[in-house]
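Please open the structure in your viewer and keep the selection tool at hand. The stops below are to be taken in order.

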Amino acid sequence: MSGREQSLAERRLELVRRSAAQRAALVANADPFVRKAAALDRLVTKVRQYPMVTAAAAGAVTFFGSRKLFTLVTRALSIYALFRR
């Protein structure tokens, strides 16, 4: 093996190692995004699984408005908690 071939082989090995390190860093940095994407995927799956509930919730937000709906849901949960005891 000539000196040039040896130099190229060493350079290739160095590049392969650097590439592996960069790939590992990308995977480590992407982990939070992957977990958030998985959670979003589960949410979308549930929405697709129950289209009538999703349509009812969207209709309620449209009809009542988000602020009033939040107030109504909060009151309903409080009453539910009282009667559950």
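Select helix H2 (residues 51-64) and helix H3 (residues 66-84) together. In this predicted model, their axes cross at roughly 115°, and H2 and H3 are therefore roughly perpendicular to each other. The two axes come within 7 Å, and the crossing of H2 and H3 is right-handed.

Next, display the side chains where these helices touch. On H2, select Ala60, Val61 and Phe64; on H3, select Ser66, Lys68, Leu69 and Leu72, for these residues make the contact. Coloured by character, the contact of H2 with H3 shows 5 nonpolar residues, 1 polar and 1 charged.

Now select Gly65, which follows H2. The phi of Gly65 is positive, near 90°.

Return to H2 and place a distance marker between its end C-alpha atoms: they lie 20 Å apart. How does this compare with the span that 14 residues should have at 1.5 Å a residue? The expected span is 20 Å as well, so the two values agree.

Finally, move to helix H1 (residues 3-49) and select Arg11 and Glu14. Their side chains meet in a salt bridge, with an N to O distance of 3.7 Å. Why can these two residues be partners within one helix? Glu14 and Arg11 are 3 residues apart in H1 and are therefore separated by about one helical turn. An α-helix has 3.6 residues a turn, so residues three or four places apart point the same way. A search of the whole structure finds 3 salt bridges.

Key:
Residues are numbered from 1 along each chain as its sequence is written. This is a predicted model: local features need pLDDT of at least 70, side-chain atom pairs count only at pLDDT 80 or more; totals for chains, interfaces and linings use all residues. Side-chain values use heavy atoms; hydrogens and water are left out. Helices (H or I, at least four residues) and strands (E, at least two) are DSSP runs, numbered from the N terminus. The expected span of a helix is 1.5 Å times one less than its number of residues. Axes are lines fitted to C-alpha atoms, for helices over the stretch in contact, and angles run from 0 to 180 degrees between N-to-C directions. Angles under 35 degrees count as roughly parallel, over 145 as roughly antiparallel, 65 to 115 as roughly perpendicular and the rest as oblique. A crossing is left-handed if the near helix is turned anticlockwise from the far one by less than a right angle, and right-handed if clockwise. Contact means heavy atoms within 4.5 Å. Ala, Val, Leu, Ile, Met, Phe, Trp, Tyr, Cys and Pro count as nonpolar, Asp, Glu, Lys and Arg as charged, and the others, Gly among them, as polar. A salt bridge is a side-chain nitrogen of Lys or Arg within 4 Å of a carboxyl oxygen of Asp or Glu.
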